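Student: Could you walk me through this structure before I go back to the bench? I'd like to start with the pockets.

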Amino acid sequence: VSRHPGGVDQIMLGAGRDITQLFESYHSFETYKVLDKFYVGDLVNNELPVFPPQSKFYQTVKKRVDDYFKSANIDPKIDCWMFLRYAVFMVVAISFWFGGMVFQESLVVVVAFGLVSGFFTALIVMTCIHDSSHFAVTHKPWVWKIVGSIHDFYIG
């Protein structure tokens, strides 16, 4: 468990549950080869939902996407533009929040600054925080934890 590339937290989130769909969506087909040595047993009760097997369509699309990233030598979890976008959203949200605090002579200006700041704050949540909560930003669990902490501090 401690050697899981996604970190211990992800393993513990699924402990005692049927995580078939979660596993299948996050892991490549090559990962299936190592599963036998981690086999514990069959699920004996259905207290939690049990999911149907993957459709042929899903398997085909997943394989094509995996093959595309491999052939193009692209790591879908490392994208410089993604981090630049996150930074721009943060700078704009904080700048307009600050601007609304400084330029308080006009209610219209304060409301406009507040709307822009709120919009970009929502974009931060819908992009950066969402991607990190799905472990899609990097391969490093410590980055996911830092982003979660930023979310807790900034969003509340």
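**Pockets and a few residues**

Tutor: The lining of the second largest pocket divides into 13 nonpolar, two polar and no charged residues, where Ala, Val, Leu, Ile, Met, Phe, Trp, Tyr, Cys and Pro count as nonpolar, Asp, Glu, Lys and Arg as charged, and the others, Gly among them, as polar. This is a predicted model, in which local features need pLDDT of at least 70 and side-chain atom pairs count only at pLDDT 80 or more, while totals for chains, interfaces and linings use all residues. Residues are numbered from 1 along each chain as its sequence is written, and side-chain values use heavy atoms, with hydrogens and water left out.

Student: Which elements give two or more residues to that lining?

Tutor: They are α4 (80-102), α5 (107-133) and α6 (141-154), with the largest share, five residues, coming from α6. Helices here are DSSP runs (H or I, at least four residues), numbered from the N terminus. A pocket is an open set of points on a 1 Å grid over the protein atoms alone, where a 1.4 Å probe fits, with protein on both sides within 12 Å along at least five of seven lines, and lining residues have an atom within 4 Å of a point.

Student: And what volume does the largest pocket have?

Tutor: About 2400 Å³, a volume being the space filled by probe spheres set on the points, which are joined across faces, edges and corners. Of its 49 lining residues, H4, I19, F23, H27 and T31 are the closest to the centre.

Student: New topic: is K62 buried or exposed?

Tutor: K62, found in helix α3, is buried (under 20% relative accessible area, with a 1.4 Å probe and protein chains only). K62 has no salt bridge, which would need a side-chain nitrogen of Lys or Arg within 4 Å of a carboxyl oxygen of Asp or Glu; the nearest side chain of opposite charge, D66, is 4.3 Å away. Lys and Arg count as positive and Asp and Glu as negative, whereas His and the chain ends are not counted.

Student: What is K62 in contact with, leaving aside neighbours within four places in sequence?

Tutor: With E24, S25, H27 and F29, contact meaning heavy atoms within 4.5 Å. Under that same exclusion of neighbours within four places, Y58 is in contact with E24 and S25.

Student: Where is N73, and what is its phi?

Tutor: N73 is in the loop between α3 and α4, and its phi is near 55°, a positive value in a residue other than glycine. N73 counts as exposed because its relative accessibility is 73%, exposed being over 50%.
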